Amino acid sequence: MLDINLLRRDLDWVVAQLGRRKSPQPFLDVTRFQALEAERKQIQTATEQQQARRNALSKQIGQAKTRGEDAAALMAEVNGIGAAQQAGAERLALIQRELHAMLMALPNLPQASAPDGADESANVEVRRWGSPRVLDFAPRDHVELGSRLGLEFDTGALLAGSRFTFLRGAAARLHRALAQFMLDLHTREHGYTECWTPYIVNREILEGTGQLPKFRDEMFWVTRGGDEAQPEQYLISTSEIPLTNSVRERIVEAADLPIRLTAHSPCFRSEAGSAGRDTRGMIRQHQFDKVEMVQITTPDASDAALEQMVAHAEAVLQRLELPYRVLALCTGDMGFASAKTYDLEVWLPGQGAYREISSCSNCEAFQARRMQARWRNAAGKTELVHTLNGSGVAVGRALVAVLENHQQADGSVRIPAALRPYLDGLEVLAP
């Protein structure tokens, strides 16, 4: 959430920065915001004046009673002021609620270093690692390769509908090995603390990281025992949500920062608005697994932390011997809560294209303000922390990339050396 005082001080600048996100519709109704702000100021000024008058009258009443004079008229005026103050307070509460709703709908402001652009075509390639293999046979995609290794799309659809996959045997084992490898790399070499989180969270938790209220249609939600009177709860779309909220409403001491957390979890996304996109295979699923990285830092450390997190995600792909490229996302393609984002795209021979496998973002104080997550600086004062998140990486897409990049002419798959200890030394996954 943006600081409302920033809008009050320099509304034109905020509107200009929001405009860099290239939304077809303005994020902020400026006229309405200005009208609410003017009314808020008027009510607050009137309330101060009324209170001053009420204090003066109370003093006069006391003096009148001391002198034995009739204070009925003064008391009637005090009562009238009280009624006016009550009405003002009720109206002010409505105004504050509407202003809060406006703020909750505003995305984060992009950093100056984020490239400007309307969509993914304006993303800027930062670097590449590895070269796609030149195959002396026609590459198979992961659907064809996986059908002989335990990827059962028909079974998944039978059980839960489209965009669900059932893994059996070698495919399930490879999936588990990938997740274990990523967790070990991040905890043993990158300094993250492994966590296990709830997969269902309360509404305010998703508000804290920015999924709600804007992206409710992208979520799955449940009620306890079907009791509609109970507050709805949401299946997490990423473990970023519980990991980041673990510092919610806390004051973290400077000595405890940075906090680095990682978790392997299922992720649930309704994929509203993605009809017809990536319907084949495991690229876009309603349920998938991901190893997530989260960092909580001081404001002056967050830019360096973002570069570090990108390097941590890159290390996963390098150990898996997967060619990839790093993109700096343009302002029109960044996520709602992000001030700056890098995407990692892995090469998929079956598609002949690079596809996203990780996204790392610096959200600065945007989520922290929603969560009221703070730290105590050297002067003993509290400030909002900065929050960062990144995929380290998507397990299903890593499985897809391993199958396609390490496929062999006979349909078997060579296991990268980094994964072999997690598969009892197995070097080749054969149908």
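Trainee: Why does Leu327 count as buried?
Mentor: In this predicted model, Leu327 has a relative accessibility of 5%, and because buried means under 20% relative accessible area, Leu327 counts as buried. The residue lies in strand S11, and its C-alpha atom is separated by 18 Å from that of Ala401, which is 74 residues away along the chain.

Trainee: What makes Val291 a buried residue?
Mentor: The reasoning runs the same way, for the relative accessible area of Val291 is 0%, which is under the limit of 20%, and Val291 is therefore buried. Val291 belongs to strand S10, which covers residues 287–297, and between its C-alpha atom and that of Lys65 there are 74 Å in space and 226 residues in sequence.

Trainee: Why is Lys22 called partly exposed?
Mentor: Its relative accessibility is 44%, and since partly exposed covers what falls between 20% and 50%, Lys22 counts as partly exposed. Lys22 sits in the loop between helix H2 (11–19) and H3, and although Lys22 is not a glycine, its phi is positive, at about 60°.

Trainee: And what makes Glu321 partly exposed?
Mentor: Glu321 has a relative accessibility of 31%, a value that also falls between 20% and 50%, so Glu321 counts as partly exposed. Its place is the loop between H10 and S11, and its phi, near 60°, is a positive value in a residue other than glycine.

Trainee: What share of the residues of the protein chain counts as buried?
Mentor: For the protein chain, with its 431 residues, the share that counts as buried is 49%. The chain has twelve helices and 18 strands, and its C-alpha atoms fill a box of roughly 105 × 45 × 45 Å along the principal axes.

Trainee: Let us turn to the helices. Why are H3 and H4 called roughly antiparallel?
Mentor: Two packed helices are described by the angle between their axes and the distance between the axes. Helix H3 (residues 30–66) and helix H4 (residues 72–104) pack at an angle of about 155°, with 9 Å between their axes, and because angles over 145 degrees count as roughly antiparallel, that is what H3 and H4 are to each other. Their crossing is left-handed, and the residues of the contact of H3 with H4 comprise 14 nonpolar, nine polar and ten charged ones.

Trainee: Why, then, are H7 and H10 called oblique?
Mentor: Helix H7 (residues 170–188) and helix H10 (residues 302–319) cross at roughly 130°, and their axes come within 11 Å. An angle of roughly 130° is over 115 degrees but not over 145, so it belongs neither to the roughly perpendicular nor to the roughly antiparallel range, and H7 and H10 are therefore oblique to each other. The crossing of H7 and H10 is right-handed.

Trainee: How many aromatic pairs does a search of the whole structure find?
Mentor: The search finds seven aromatic pairs, one of them formed by Phe336 and Phe366.

Trainee: Why is the pair of Phe336 and Phe366 called edge-to-face?
Mentor: A pair of aromatic rings is described by the distance of the centres and the angle of the planes. The ring centres of Phe336 and Phe366 are 5.7 Å apart, which is within the 6.5 Å needed for a pair, and their planes stand at 80°, which is over 60 degrees, so the pair is edge-to-face. The pair links distant parts of the chain, 30 residues apart, with Phe336 in the loop between strand S11 (324–328) and strand S12 (340–348) and Phe366 in helix H11 (residues 366–371). Both Phe336 and Phe366 are buried, and together with Phe215 they form one aromatic cluster.

Trainee: What makes Trp347 and Tyr354 an aromatic pair?
Mentor: Their rings are 5.1 Å apart, centre to centre, which is within 6.5 Å. The angle between the planes is 65°, over 60 degrees, and the pair of Trp347 and Tyr354 is therefore edge-to-face as well. Trp347 is buried, and so is Tyr354.

Trainee: Which residue lies over the face of Trp221?
Mentor: That residue is Arg216, at 3.7 Å from the ring centre of Trp221, and the distance is within the limit of 6 Å for a charge over a ring.

Trainee: Which residues does a cis peptide bond join?
Mentor: One such bond joins Leu212 and Pro213, with omega at about 5°, and Pro213 is in the loop between helix H8 (203–209) and strand S6 (220–222). A cis peptide bond also joins Gly392 and Val393, where omega is about 10°, and Val393 lies in strand S16, residues 386–394.

Note on methods
Residues are numbered from 1 along each chain as its sequence is written. This is a predicted model: local features need pLDDT of at least 70, side-chain atom pairs count only at pLDDT 80 or more; totals for chains, interfaces and linings use all residues. Side-chain values use heavy atoms; hydrogens and water are left out. Axes are lines fitted to C-alpha atoms, for helices over the stretch in contact, and angles run from 0 to 180 degrees between N-to-C directions. Helices (H or I, at least four residues) and strands (E, at least two) are DSSP runs, numbered from the N terminus. Angles under 35 degrees count as roughly parallel, over 145 as roughly antiparallel, 65 to 115 as roughly perpendicular and the rest as oblique. A crossing is left-handed if the near helix is turned anticlockwise from the far one by less than a right angle, and right-handed if clockwise. Ala, Val, Leu, Ile, Met, Phe, Trp, Tyr, Cys and Pro count as nonpolar, Asp, Glu, Lys and Arg as charged, and the others, Gly among them, as polar. Rings of Phe, Tyr and Trp (its six-membered ring) pair if their centres lie within 6.5 Å; planes under 30 degrees apart count as stacked, over 60 as edge-to-face and the rest as tilted. Buried means under 20% relative accessible area, exposed over 50%, partly exposed in between (1.4 Å probe, protein chains only). A charge sits over a ring if NZ of Lys or CZ of Arg is within 6 Å of the ring centre and within 35 degrees of the ring normal.
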